[in-house]
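Got the viewer open? Grab a coffee and follow along, one selection at a time.

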Amino acid sequence: MSLLKVTDLEKRFAIRGGVLRGVKGWVQAVNGVSLEVAPGKTLGIVGESGCGKSTLGRAILQLEQPTAGDVEFEGQSQIGRSKQDLLAFRREAQMVFQDAYEALNARHTVGRILREPFEIHRLGSEAERDQWVLELLHQVGLPAEAINRYPHEFSGGQRQRIGIARAIALNPKLLVCDEPVSALDVSVQSQIMNLLMQLQRQRGLAMLFIAHDLAVVKHLSHEIAVMYLGRIVEIAPTKTLFEAPKHPYTQALLDAIPTVDLDRPKTLKPLEGDVPSPINLPSGCAFRTRCPYATEACAGSVPALELNDLTRVACHRAAELSLPGLASQTQ
């Protein structure tokens, strides 16, 4: 049974203008996304900036109210629930934000920040809360004296450790990580990723790991979903995705991974053109305006996410295309 199941999730934002601030159009940020996350597993979400990854994560946790679709957690729908029920859901599902400094209250000490989840959920006595805060600091690799310091006194990596400590305070079953290492130095990125994997092993956490860097997601994820303009175009086990991508957009992302191997051939020419506007999506397959394999048929209908071997792919030509992965390029 899946811990998290998302079905046909949509999120649209109204564009308002004029004297009366009427609706002039809609931004389709998330467009019919379906996915599942198993207990103790990590699903990576990748794609270019603006593809809807972060909005998807926020909609799953109801930080953005979904326009349509369903979010089930442990078999129970979370859509349309009361504030009290959502509070119980968020005890089981927490978020790690990209910008830890913005996510932490600059006026509060680390001790107060980490005590807050226990206070909101009315857990433990004052003495127990103080002990739990010290244990959290130890688990994320911060000294006990950090309890009396403020967020601005820490480095970016240390602030992200504080954010992670707050996210795991209530022992959740799911972490939604919204590009938690993209703003950090490369050496610090590896430390934070190792910390997340360690916590996953110790606590049996499931994770939805959002990033724009496939190389980062590869090390953490059991499965990877590739998003383009609000839709998932491919989902596959990590090894399968890298060795045998089915969608041309996935192949383009793989080709874009930096490498020191100058002899590694590029399988696709660089993508041309800009990403279409989410306000006015192309007909049919949204990627067809940049796809080197697109035909007239690609404009006719939106391709469904269908099973192809171990991969679910949304491409009209997936069955006839043979796209080499990184493994085959280095043989």
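Before we click on anything: two strands count as paired here if DSSP finds at least two bridges between them. Also keep in mind that this is a predicted model.

**Stop 1: the antiparallel pair**

Select residues 4-17, strand β1, along with residues 68-73, strand β4: the two pair in the antiparallel sense over five bridges. Now put Lys5 in sticks and look across to β4, where Glu72 stands opposite.

Stay on Glu72 and add residues 76-77, which are strand β5. β4 and β5 run antiparallel, joined by two bridges, and in β5 it is Ser77 that partners Glu72. So much for the strands; what sits between β4 and β5? Two residues do, making this a hairpin, and Glu74 in the turn has a positive phi of about 55 degrees.

**Stop 2: the open sheet**

Colour the strands one by one in this order: β6-β7-β8-β3-β9-β10-β12-β11. These eight strands form an open sheet with mixed pairing. Which strands are at the edges? They are β6, residues 93-96, and β11, residues 306-308, and each of them pairs on one side only. Turn the sheet in your viewer to follow its twist, which averages 20 degrees from one strand to the next.

Next, zoom in on β10 (residues 231-237) and β12 (residues 311-313), which run antiparallel and are joined by two bridges. Pick Glu234 here, and you'll find Val313 of β12 opposite.

**Stop 3: helices on the sheet**

Select residues 83-92 for helix α2, which packs on the sheet and touches β6 and β7 (174-178). The direction of α2 makes about 65 degrees with that of β6. Then add residues 156-168, helix α6, which also packs on the sheet and touches β6 and β7. For α6, the angle with the direction of β6 is about 175 degrees.

**Stop 4: zoom out**

Show the whole cartoon: there are 11 helices and 12 strands to scroll through. The C-alpha trace spans about 65 × 55 × 40 Å along its principal axes. How does the radius of gyration fit a compact globule? For 331 residues the expected value is near 20 Å, and the protein has 21 Å, which agrees.

Switch to a surface view to finish. About 16,100 Å² is exposed, with carbon and sulfur atoms supplying 48% of it. Underneath, buried residues make up 47% of the 331. As for contacts with a separation of 6 or more, 64% are between residues 24 or more positions apart.

Conventions: Residues are numbered from 1 along each chain as its sequence is written. This is a predicted model: local features need pLDDT of at least 70, side-chain atom pairs count only at pLDDT 80 or more; totals for chains, interfaces and linings use all residues. Side-chain values use heavy atoms; hydrogens and water are left out. Helices (H or I, at least four residues) and strands (E, at least two) are DSSP runs, numbered from the N terminus. Axes are lines fitted to C-alpha atoms, for helices over the stretch in contact, and angles run from 0 to 180 degrees between N-to-C directions. Contact means heavy atoms within 4.5 Å. The radius of gyration is taken over C-alpha atoms; the globule rule is 2.2 Å times the number of residues to the power 0.38. Buried means under 20% relative accessible area, exposed over 50%, partly exposed in between (1.4 Å probe, protein chains only). Accessible areas come from the Shrake-Rupley method with a 1.4 Å probe; for residues, only the protein chains shown count as cover.
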